[in-house]
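Thanks for coming. I will take one protein and walk through a few places in its fold.

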Amino acid sequence: MADDLEQQVAESISASNVATEGVCVSLSQASRLAEQLAAHLAPYIHVSAEECGSEDPPVHGYPLFYGPGLQNKFLARYVSLPNQNKIWTVTVSPELQDRTPLVMVHGFGGGVGLWILNMDSLSARRTLHTFDLLGFGRSSRPTFPRDPEGAEDEFVTSIETWRETMGIPTMILLGHSLGGFLATSYSIKYPDRVKHLILVDPWGFPLRPTDPSEIRAPPTWVKAVASVLGRSNPLAVLRVAGPWGPGLVQRFRPDFKRKFADFFEDDTISEYIYHCNAQNPSGETAFKAMMESFGWARRPMLERIHLIRKDVPITMIYGANTWIDTSTGKKVKLQRPDSYVRDMEIEGASHHVYADQPHIFNAVVEEICNSVD
């Protein structure tokens, strides 16, 4: 089966004349691409392996310049969990201890680097934490349970263990897409830890419609991913493509380069996304176990949203042009009549709201955070 898929990809690449400028790297090199991204984000980085006594020293960034990159202080490092898994974590403005921190959870196939348009703004008055989900980016890639409930619980448990290890008593929890699904599941299980739940274009909420006419047409890249779901993990094509991988990302998602054009004039973002997903597909396998097809979850969150404690406020932010079902927000309101639920759409934004309209997105999230403290 893998040989057949590889042949199909090779033929597709040949027919499409995809650029071959991508660099094929080893597994260990790929796992460190985020460090290269950090170098782009903050050219003045101080690293000392001797000081921290680790093969994976923390990366300390300081606002030494006014150019493209993080202006606020940041700390990037592995957080080791008791089960030996490691979670790659970036903390911005760690010195701001007097307000509830904001914790941001990325979506499927993403990583901490995709929040670069939001980190400075949202950490101006409070500490911001973001991390690579277990099984994604630079974090450990363990074997997940193959059943949907077990895979979901593994993600949620890792988030809670990470929180305990970090010593974060309470947080404003924000999740995008798959991250929104997991943040909701976390809030059901650990409501005491969540001051406000912010869901950004969350995946996995609605039940799959029985009438095909009710299904919103997905973008081309979603169709491409869905076409291989029955045969392999969602992003298997990228790994099979080898050196053509970054070119495939650029071909199917040219919008990413445009979204981050203010920071990167080159293909940094395309290569970052590729290398985040070029390793062992641990998180992908878990995601595949949790989904019925790419747009729907086997355990839809709408059937469980009422289980979140009533005093946990929820804000749902959608892109006006997203392929996600935006009616979910109104349905959540109906499920939680005695709780605070706000839903809104941001014009000019699609699924990646935070990158499509970063200034509006940042202002909305900052307003929510200020309502907490």
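**A tryptophan and its surroundings**

Setting aside neighbours within four places in sequence, Trp 162 is in contact with Val 79, Leu 81, Ile 87, Thr 89, Val 103, His 129, Phe 131 and Ile 168. Before going further, please note that this is a predicted model.

Trp 162 itself sits in helix H6, which covers residues 148-166. Is Trp 162 buried or exposed? Its relative accessibility is 0%, so Trp 162 counts as buried. One of its contacts is Ile 87. Trp 162 and Ile 87 are 75 residues apart in sequence, yet C-alpha to C-alpha they are 7.4 Å apart in space.

Two other contacts of Trp 162, His 129 and Phe 131, bring us to strand E6, residues 128-131. Which residues cover the two sides of E6? Leu 128 and Thr 130 are on one side, His 129 and Phe 131 are on the other, and all of them are buried, with both faces of the strand covered.

E6 pairs with strand E4, residues 86-92, in the antiparallel sense, and four bridges join them. Within that pairing, Val 92 has Leu 128 as its bridge partner. E6 also pairs with strand E5, residues 102-105, this time parallel and again over four bridges. Leu 128 is the bridge partner of Leu 102 there.

Next, an arginine. Arg 77 lies in strand E3, residues 74-80. Arg 77 is buried, but it has no salt bridge. How far away is the nearest side chain of opposite charge? That side chain belongs to Glu 95, and it is 11 Å away. What the side chain of Arg 77 does have is a polar contact with the side chain of Thr 91, at 2.7 Å.

Last, strand E8, residues 194-200. Six of its seven residues are buried, so to speak of it as mostly covered is fair. Strand E7, residues 171-176, pairs with E8 in the parallel sense over six bridges. In that pair, Leu 173 has Leu 197 of E8 as its bridge partner. What connects into a unit with these two strands? Helix H7, residues 178-189, joins E7 and E8 in a right-handed β-α-β unit.

E8 also pairs with strand E11, residues 314-319, in the parallel sense over four bridges. Here Leu 199 stands opposite Met 316 of E11.

To recap the two side chains I dwelt on: Trp 162 counts as buried at 0% relative accessibility, and Arg 77 is buried without a salt bridge. That is all I have.

Notes: Residues numbered from 1 in each chain as written. Predicted model: local features only at pLDDT ≥ 70, side-chain atom pairs only at ≥ 80, totals over all residues. Heavy atoms only, no water. Buried < 20%, exposed > 50% of the residue type's maximum accessible area, 1.4 Å probe, protein only. Lys, Arg positive; Asp, Glu negative; His and termini not counted. Salt bridge = Lys/Arg side-chain N within 4 Å of Asp/Glu carboxyl O. Polar contact = N/O pair within 3.5 Å; in protein donor to acceptor, adjacent residues only side chain to side chain. Contact = heavy atoms within 4.5 Å. Pairing = 2+ DSSP bridges. Right-handed = clockwise from strand over helix to strand, strands pointing away.
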